[in-house]
Amino acid sequence: MTDAQTKLQPGDAAPAFTLPDADGKPVSLADHRGRKVIVYFYPAALTPGCTKQACDFTDNLELLAGAGYDVVGISPDKPEKLGKFREKEHLKVTLLADPEKEVLKAYGAFGEKSLYGKTVVGVIRSTVVVDEQGKVERALYNVKATGHVAKLLRDLAV
């Protein structure tokens, strides 16, 4: 499987999903129709890079919301772990659980990646910006945990 097949491109329809949040309540992409949504994929809750990224999104949530963006973070973690992550770090972003990795795969955020010089299969840290109609506006893969939100704010002119 090549990377090119799985990555979303601007103009693609964003794959629909319904996943449980940190409280086990179902959240769908369709719930956000009419708003822009930043869907970001991260490897694991309660790890340093993912914590930094989630805190950066939380710190900028009001700014993003004011510009018309909702933010949803998706990882393979179970809802219970997401709840602990949210409590420990005082996160305000919506965190969704995808333990089956179906949504991660649909968005091209799961597959081969390079980790410390080795090729491994896992979550590819990615951010997909979905427009009000449910189309992909931007698809960013292999993003860095640190500085990514600041760069995204610049790119989106927020």
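# Rings, cores and hollows

Modeller: By the centre-distance rule, 5 aromatic pairs are counted in this model, which is a predicted one.

Colleague: Let's take one of them. What makes Tyr 42 and Phe 85 an aromatic pair, and why is the pair called tilted?

Modeller: Their ring centres lie 6.1 Å apart, and the rule asks for centres within 6.5 Å, so the two rings pair. The angle between the planes is 45°; stacked needs under 30 degrees and edge-to-face over 60, so tilted is the class that remains.

Colleague: Why does this pair tie together separate parts of the chain?

Modeller: Tyr 42 belongs to the loop between β3 and α2, while Phe 85 sits in helix α4, so parts 43 residues apart in sequence are held together by the pair. Tyr 42 and Phe 85 are both buried, and ring pairs link them with Tyr 40 and Phe 57 into a cluster.

Colleague: Nice. Now Gln 53: how do you know whether it is buried or exposed?

Modeller: Its relative accessibility is 0%, and buried means under 20%, so Gln 53 counts as buried. It lies in helix α2, and its contacts beyond four places in sequence include Tyr 40, Tyr 42, Arg 125, Val 143 and His 148.

Colleague: And what class does Gln 9 fall into?

Modeller: Gln 9 has a relative accessible area of 44%. Buried stops at 20% and exposed starts over 50%, so Gln 9 is partly exposed. You will find Gln 9 in the loop between α1 and β1. From Gln 9 to Val 128 is 9.4 Å, C-alpha to C-alpha, with their positions 119 residues apart in sequence.

Colleague: Which residues touch the most other members of the largest nonpolar core?

Modeller: That core has 24 residues, and those with the most contacts to fellow members are Ile 38, Tyr 40, Tyr 42, Phe 57, Val 71 and Leu 95. Among the elements giving two or more residues are β3, β4, α4 and α6; the largest share, 4 residues, is from α2. Take Ile 38: leaving out residues up to four places away in sequence, it touches Phe 57, Leu 64, Val 71, Val 129 and Leu 152, among others.

Colleague: What makes the other core, the one with Val 37 and Leu 96, a separate one?

Modeller: Members of a core are joined through side-chain atoms within 4.5 Å, and the other core, of 22 residues, lies apart from the largest, so the two are listed as separate sets. Ala 109 and Val 136 also belong to that 22-residue core.

Colleague: Why is one hollow called a cavity and another a pocket?

Modeller: In a cavity the 1.4 Å probe fits but cannot get out, whereas a pocket is an open set of points. There is 1 cavity of 30 Å³ or more, and the largest cavity has a volume of about 50 Å³. Leu 29, Arg 33, Val 37 and Glu 132 are among the residues lining the cavity. The largest pocket holds about 350 Å³ of space, with strand β6 giving the largest share of its lining, 3 residues.

Colleague: How does the pocket lining divide by class?

Modeller: Into 7 nonpolar, 2 polar and 3 charged residues. Lys 113, Arg 125 and Lys 144 line the pocket, and Lys and Arg count as charged, so these residues belong to the charged group. The cavity lining has 4 nonpolar, 2 polar and 4 charged residues.

Note on methods
Residues numbered from 1 in each chain as written. Predicted model: local features only at pLDDT ≥ 70, side-chain atom pairs only at ≥ 80, totals over all residues. Heavy atoms only, no water. 1 Å grid on protein atoms, 1.4 Å probe; cavity = no way out; pocket = protein on both sides within 12 Å on 5 of 7 lines; lining within 4 Å. Points joined across faces, edges and corners; volume = space filled by probe spheres on them. Buried < 20%, exposed > 50% of the residue type's maximum accessible area, 1.4 Å probe, protein only. Contact = heavy atoms within 4.5 Å. Phe/Tyr/Trp six-rings, centres within 6.5 Å; stacked < 30°, edge-to-face > 60°.
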